Amino acid sequence: MPAVTVENPLTLPKVAAKGDAADRPVLAVTTAPSGFEGEGFPVRRAFAGINYKYLDPFIMMDQMGEVEYAAGEPKGTPWHPHRGFETVTYLIDGTFVHQDSNGGGGTIRNGDTQWMTAGSGLLHIEAPPESLVMSGGLFHGLQLWVNLPKADKMMNPRYQDIRGGQVQLLASPDGGALLRVIAGELDGHEGPGITHTPITMIHATVRPGAEVTLPWREDFNGLAYVLAGRGTAGAERRPVHMGQTAVFGAGSALTVRADEKQDGNTPDLEVVLLGGRPIREPMAHYGPFVMNSQAELKQAFEDFQAGRLGTVPAVHGM
C-alpha cells in the first residue's frame, strides 16, 4: 500500500490551508467493528456508531481486508440488488471484477476506483477473477455508499471506471503528505470522479512525524478514516489508529498528523478524508435500498421481486 505514488512529492502541486483558516475540532473518534460481507471476505464497518447527521450524504463505508489470501480463498459477493444511491469501490491492492444485469461493469486493479450509480436499480455482482482465486494474493480496498437526493434516486444507472493514473496527485508544502484526490476538489484541484451529490474523497499518505492542514469547504462535513498506521486528528491532536474514524466539527481547515513511530507493518499513516454537502432529506435504508420513505422501500422490494431491477444473466463471465 498504496498502489499509486510518486518518488518525490515535492514535484507535485502544493496544497495548504490559509493561516487564518478555522481548524475543525474533533467531535468524536470511533472504532470500526469487524465482520464479514458477501461470501465471507473480512470487512471493518468504518461508520458504525456514528450519528447520521455527521455522515450525511455518506451512508456507510467498509474497509475490505487487508488480507493475504491463499490459493482458493479469495471471495466476493453473490448477485444482489441496489437502488437509490451510489457505490464507490476503491481498490488499493488486488483485482475485483464487477458486473450488472444491464451488461455494465468492469475490472479494477491496484489504485483503481469504480463508481456505480445504482439510481433506479440493477442487480450487481463483485468477485475476484478466476486467476486470483487460483493463485491467491493480497486484497485491500474500500467500498463507500453515497446517498442520492430524491430528485436523482430514479435516474438511469451508470458506471465510471477511474484508473489509478487518473487521480489528481497533490502534496503538502514540505512534501510530508501525498494526497490522491479521487473525487471532488481540493483547493481548486479536481479529481476525476463525477458526483451527483457534491463530495470530496482523498486518500492521504502522511510520513512519520509529518502534519498536513488542508482547506476544507465549510458547507461540507468532515471525516477521516485510518486505513493503516497511527497519528492524530485535529489541531488538538486526538489520537487515531488503524480502523478508527475521526468526526470533525465545523470549520474551514482539517488537520491530520502521523506519529513519529509507526507500526511495524506500515511505514506511514494512511488515511481517507471525506467531505460532502448534507442532503438533509428523510432517509429510509434497508439492506441494498436507500430511499426517502418506507413506501418507496416497499416499492423497491416489490420491483426487485418482480424482476424489474433486472435478472441474473445465464452466464455471468466471472
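# Pocket, cavity and salt bridges

Guide: Strand E3 (41-45), strand E4 (58-69), strand E5 (80-82) and strand E11 (137-147) each give at least two residues to the lining of the largest pocket. Strands (E, at least two residues) and helices (H or I, at least four) are DSSP runs, numbered from the N terminus. The model is predicted: local features need pLDDT of at least 70, side-chain atom pairs count only at pLDDT 80 or more, and totals for chains, interfaces and linings use all residues. Residues are numbered from 1 along each chain as its sequence is written, and side-chain values use heavy atoms, with hydrogens and water left out.

Visitor: What makes a set of points a pocket, and what a cavity?

Guide: The grid is 1 Å, over the protein atoms alone. A pocket is an open set with protein on both sides within 12 Å along at least five of seven lines. In a cavity a 1.4 Å probe fits but cannot get out. Lining residues have an atom within 4 Å of a point.

Visitor: How much space lies in the largest pocket, and which residues are closest to its centre?

Guide: About 280 Å³. Of its 19 lining residues, Glu37, Thr77, His80, Glu126 and Gln143 are the closest to the centre. The volume is the space filled by probe spheres set on the points, which are joined across faces, edges and corners.

Visitor: How many lining residues of the largest cavity are nonpolar, polar and charged?

Guide: The cavity lining has 8 nonpolar, 1 polar and no charged residues. Ala, Val, Leu, Ile, Met, Phe, Trp, Tyr, Cys and Pro count as nonpolar, Asp, Glu, Lys and Arg as charged, and the others, Gly among them, as polar. Thr232 is in the cavity lining, and Thr is not on the nonpolar or charged list, so Thr232 counts as polar. The pocket lining has 10 nonpolar, 5 polar and 4 charged residues. The cavity holds about 40 Å³.

Visitor: Why is the contact of Arg45 and Asp62 called a salt bridge?

Guide: A salt bridge needs a side-chain nitrogen of Lys or Arg within 4 Å of a carboxyl oxygen of Asp or Glu. Arg45 and Asp62 meet at 2.5 Å, N to O, so the pair qualifies. Arg45 lies in strand E3 and Asp62 in strand E4, so the bridge ties together parts 17 residues apart in sequence.

Visitor: Why is Asp62 called buried, and Arg45 partly exposed?

Guide: Buried means under 20% relative accessible area, exposed over 50%, and partly exposed in between (1.4 Å probe, protein chains only). Asp62 has 5%, so Asp62 is buried. Arg45 has 26%, so Arg45 is partly exposed.

Visitor: How do you know that Lys150 and Glu296 form a salt bridge?

Guide: Their closest N and O atoms are 2.7 Å apart, so the pair meets the cut-off. Lys150 sits in the loop between E11 and strand E12 (158-162), and Glu296 in helix H3 (residues 294-305), 146 residues apart. Lys150 has 47% relative accessibility, so Lys150 counts as partly exposed. Glu296 has 22% and is also partly exposed.

Visitor: What does Met242 touch, not counting residues up to four places away in sequence?

Guide: Arg44, Val226, Leu227, Ala228 and Gly229. Contact means heavy atoms within 4.5 Å. Met242 lies in the loop between strand E21 (238-241) and strand E22 (244-248). At 32% relative accessible area, Met242 is partly exposed.
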